[in-house]
Structure formats: C-alpha cells, structure tokens
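Student: Please take a close look at one part of this model and go through it in detail. I would like a single connected account rather than a list.

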Amino acid sequence: VAADFGMKKVVGTDDFKPGFDVAANVAFAPVVVDAYFSRVNEKNYLSAQVAAEYEGISGDVYAQNILAEDICLGADAEYATDAITVGAGFWMTTESKKMEVSGNVEYAAEKFTAKAGATFGTQIDVEDSSYLRLNASVESSTIIPGATISLAYGPNTNSATGDKTTNLLAEKYGSVTAKCTIAF
C-alpha cells in the first residue's frame with residue numbers, strides 16, 4: 001500500500017486545496033488485485049484491476065474511472081505455449097458507449113517472430129463510427145548477427161499523439177514499415 005498527500009495553492013487566491021492518492025497491490029498467487037483512488041481538484045478517481053495467471057493462461061478484468069459518469073470496463077486474456085501466444089480483449093465505456101474487441105496471435109520460431117492482430121471498434125448508436133484495424137509483423141535478430149530486421153503492416157498513426165496521419169492513402173489502407181537496427 002502506498003499513499004501521497006499534497007497541498008496546491010489556487011492561483012490568484014490565498015486558498016489551498018488538498019490532493020491525495022492511495023494505491024494498493026495485493027497478491028494471493030495466482031491472483032493480483034490492484035486498486036487506485038485519488039482526489040485531485042475536488043474530483044475523485046477510482047480504478048481497480050484483478051489479474052490472474054495459471055498454467056499458460058493469463059487474464060485480467062478492470063474498471064477505470066469508477067466514480068465518473070463514463071466508466072471504462074474491460075477484460076483481456078492470453079494463452080501461451082512454447083511457440084504460440086493467442087490473446088483477446090474487450091473494453092467499453094458506459095456513457096459514451098464506445099467499445100473495442102481485439103484478438104492477436106504470435107508465433108516465435110527459432111529464427112523469427114511473427115505477429116498478427118485485428119481490432120474492431122465502434123460507438124454504439126453512432127452511425128459510421130465503426131472501424132477495423134489489422135496489423136501483422138515479422139522480426140528476426142538471428143538472421144543477421146548484431147542486427148534486428150523487421151517488416152510490419154498496420155494502421156498509420158502519429159506515435160506521439162495517437163492521431164491518424166494526414167496522408168489519406170496511408171490513413172485508408174495503413175502502411176508497411178521495413179526496419180533494420182544494427183548494434184555496434
């Protein structure tokens with residue numbers, strides 16, 4: 001358990017407003033429970049997550065902004081064997097009615113790792129708000145000693161902001177990225 005407390009002076013006044021947060025992490029193998037509460041600027045925030053792992057299967061269920069009007073609820077799970085990992089996830093918001101469902105698979109061979117995934121999202125009750133994002137990649141750090149090479153396809157986003165690119169062709173069809181990183 002951890003906690004912080006602070007006082008913030010309100011600009012232009014002599015008033016001080018308190019702010020604090022409390023975080024708890026409790027583990028009883030194979031279950032881990034995380035909870036977080038904070039009060040900032042007279043608003044309360046509460047989030048919680050329960051995660052578990054057992055014999056190659058891991059998953060979690062979470063709720064964010066529990067005390068807000070637009071709560072985010074979600075769950076995801078993953079199953080891993082020696083070479084293959086398969087996962088799926090789901091999240092939704094209660095008031096804005098946004099939701100997303102995703103799935104992915106990863107195959108780790110001796111010389112390369114291949115990944116593929118798909119995400120479907122929509123805002124319920126909003127016409128033309130649905131989207132489908134596909135991604136795939138292959139990467140190797142053993143084909144060329146001292147170098148990691150990769151080839152990937154996915155939706156094109158601005159990594160700094162998460163916004164879609166202004167390139168209309170890449171926005172509509174995604175982009176392919178080839179990369180080689182050499183270590184000296």
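**Strand pairing around β7**

Tutor: Leu-73 stands opposite Met-92 in β7. The model is a predicted one, and this residue pair is a convenient place to enter it. The pairing behind it is that of strand β6, residues 72-80, with β7: the two run antiparallel and are joined by nine bridges. The connection between β6 and β7 is a hairpin of three residues.

On to the next strand. β7 also pairs with β8, again antiparallel and again through nine bridges. Within this pairing, Gly-89 has Ser-102 of β8 opposite. Here too the connection is a hairpin, with four residues between β7 and β8. One residue of that turn, Lys-97, has a positive phi of about 55 degrees.

β7 and β8 come up again on the surface. A nonpolar patch there consists of Ile-84, Val-86, Val-105, Tyr-107, Phe-112, Phe-120, Leu-132, Leu-134, Val-138, Leu-151, Tyr-153 and Val-176, and together these residues have about 1,000 Å² of accessible area. Two or more patch residues come from each of β7 (84-93), β8 (98-108), β10 (131-140) and β11 (147-154). The largest contribution is that of β10, which gives three residues. Val-138, a patch residue, is located in strand β10. Its relative accessibility is 34%, so Val-138 is classed as partly exposed.

The cysteines can be dealt with briefly. Cys-72 has a relative accessibility of 12% and therefore counts as buried. Cys-180, by contrast, has a relative accessible area of 45%, which makes it partly exposed. A disulfide is a covalent bond between the sulfur atoms of two cysteines. The count of disulfides in this model is zero.

For comparison, consider the strands at the start of the chain. Strand β1, residues 2-9, pairs with β2 in the antiparallel sense over eight bridges. Ala-3 is placed opposite Val-22 of β2 in this pairing. The hairpin formed by β1 and β2 has six residues between the strands, and Gly-12 in its turn has a positive phi of about 85 degrees. β2 then pairs with β3, antiparallel and through nine bridges. One such contact is that of Asn-25, whose bridge partner in β3 is Asp-34. Two residues make up the hairpin connection from β2 to β3.

The side chains of these strands add a further link. The structure contains two aromatic pairs. In one of them, Phe-20 and Phe-37 have ring centres 5.8 Å apart and planes at 45 degrees, so the arrangement is tilted. The two rings come from distant parts of the chain, 17 residues apart: Phe-20 belongs to strand β2 (residues 16-28) and Phe-37 to strand β3 (residues 31-40). Phe-20 is partly exposed because its relative accessibility is 31%. Phe-37 is also partly exposed, because its value is 24%.

To return to the starting point: β7 has nine bridges to β6 and nine to β8, with a hairpin of three residues on the β6 connection and one of four residues on the β8 connection. β7 is also among the elements that give two or more residues to the nonpolar patch.

Methods: Residues are numbered from 1 along each chain as its sequence is written. This is a predicted model: local features need pLDDT of at least 70, side-chain atom pairs count only at pLDDT 80 or more; totals for chains, interfaces and linings use all residues. Side-chain values use heavy atoms; hydrogens and water are left out. Patches are made of residues with over 30% relative accessible area and no salt bridge: like charges are joined within 9 Å, nonpolar side chains (Val, Leu, Ile, Met, Phe, Trp, Tyr) within 5 Å. Accessible areas come from the Shrake-Rupley method with a 1.4 Å probe; for residues, only the protein chains shown count as cover. A salt bridge is a side-chain nitrogen of Lys or Arg within 4 Å of a carboxyl oxygen of Asp or Glu. Buried means under 20% relative accessible area, exposed over 50%, partly exposed in between (1.4 Å probe, protein chains only). Rings of Phe, Tyr and Trp (its six-membered ring) pair if their centres lie within 6.5 Å; planes under 30 degrees apart count as stacked, over 60 as edge-to-face and the rest as tilted. Two strands pair if DSSP finds at least two bridges between them. A disulfide is a pair of cysteine sulfur atoms within 2.5 Å.
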